[in-house]
Amino acid sequence: KRKKTILGNNPNNNNTMATTTRNGNSLLLLGYGTITIHFQYTCGIGKLARPHKNTWPSNGAMRRTHILHNVTLLPPSMLSSSSSSSLIRTFQMQSPRERYSLSKFKKVYVFGDSILQNLHSLYWDRVRFRKKNTVVSRVKPASELTTETVQENFLETLELQFGPRLRASQSAADTVLVTNSAVWDLLEPIDNDKSDADFGKHIQGLELYLKMLVERYPNVTVYWTLPTAIQVHVLGEGCYKDIRCIDRTRYMSTSLIQRLYDKQRELTRKLNVTVIDVFEATYVSARWLMDGDGRHYNRWFNSFLQDWYYPRMEKNFFFE
């Protein structure tokens with residue numbers, strides 16, 4: 001048996017997550033299964049952006065789970081031969097793999113938030129997980145990305161970390177900078193009372209950031225990493241008893257991170273910037289989050305993603 005996870009918004013704008021158990025490659029082989037549904041939000045609460053919930057005692061999540069055993073009725077979409085109308089389909093990683101491969105570069109420089117650092121295994125078992133062509137910045141921007149923060153927190157911090165080495169690159173075919181910004185833009189700063197429901201200020205800052213990277217480092221390829229899914233139903237009970245955790249997760253929702261993902265995807269397409277897109281991979285992988293976290297995925301899942309973007313590359317056996 002194995003589990004298939006479906007995460008999304010139902011027609012009533014309620015964030016829901018369902019997990020079904022299946023055997024082999026088809027539910028039909030088993031004939032029955034288990035569906036687990038996590039109710040995340042109701043009444044559109046998950047779509048509320050800052051500052052609407054700033055004074056709420058929590059994020060307003062439902063924190064309810066329902067489990068149905070021995071389910072034999074398949075959704076119509078799973079029985080349909082039309083993939084275009086199917087709500088449930090086979091998961092596929094970003095392809096073609098060769099286009100997004102990081103192993104084709106001599107040097108990969110990684111600069112971004114803790115999500116990106118974890119993806120490239122900065123914090124754990126570097127000998128086992130890190131790739132030999134990759135250097136990960138230990139310093140993060142530590143802020144949301146807007147036109148007001150892009151210079152000091154992003155460009156200047158990046159320059160201090162990797163500037164000379166990026167400028168020394170002789171060819172964009174040899175060097176790539178992998179960077180991102182998402183979770184801070186959604187969850188921080190906690191005292192921000194300004195509305196940016198459509199992430200317009202963020203998108204303006206992101207466009208300036210990407211254009212400045214090309215201008216400053218002309219012989220470097222830039223890969224933008226799109227947002228990863230965040231899962232409010234994974235938050236532990238302890239979070240709702242700690243005001244610091246409550247503040248940082250007040251706007252944690254599928255609806256908002258999907259909105260941010262869509263906005264970033266639209267801009268990167270307009271600018272013709274290559275992206276690393278693991279949103280759907282994380283969307284269906286809540287079980288691989290760190291315990292009670294809701295946004296950081298564990299080392300084994302990150303290692304799986306690494307193996308996709310670093311095909312045929314040996315792991316690093318030396319500390320840098």
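**Burial, strand pairing and the nonpolar core**

Buried residues account for 51% of the 320 residues in the chain, which is described here from a predicted model. The secondary structure comprises twelve helices and nine strands, and the surface that the chain exposes amounts to about 16100 Å², of which carbon and sulfur atoms supply 51%. When contacts between residues at least 6 apart in sequence are considered, 73% of them join residues that are at least 24 apart.

Strand β8, which spans residues 221-225, is mostly covered, with four of its five residues buried. This strand pairs with two others. With β7 (residues 175-179), β8 pairs in the parallel sense over four bridges, and within this pairing Tyr223 of β8 is the bridge partner of Val178. With β9 (residues 274-276), β8 is joined by three bridges, and these two strands likewise run parallel; here Trp224 stands opposite Val275 of β9.

In soluble globular proteins, nonpolar side chains tend to be buried together. In the present model, the largest nonpolar core contains 73 residues, and those with the most contacts inside it are Leu102, Leu158, Val178, Tyr209, Leu213 and Trp224. Val178 and Trp224 thus appear both in this group and in the bridges described above, the former as partner of Tyr223 and the latter opposite Val275. Leu102, when its neighbours within four places in sequence are left aside, is in contact with Val176, Val178, Tyr223 and Ile276, as well as with Val108, His120, Asn133, Tyr309 and Tyr310.

Notes
Residues numbered from 1 in each chain as written. Predicted model: local features only at pLDDT ≥ 70, side-chain atom pairs only at ≥ 80, totals over all residues. Heavy atoms only, no water. Buried < 20%, exposed > 50% of the residue type's maximum accessible area, 1.4 Å probe, protein only. Contact = heavy atoms within 4.5 Å. Areas by Shrake-Rupley, 256 points an atom, 1.4 Å probe, with all protein chains shown as cover. Pairing = 2+ DSSP bridges. Core = buried A, V, L, I, M, F, W, Y, C linked by side-chain atoms within 4.5 Å.
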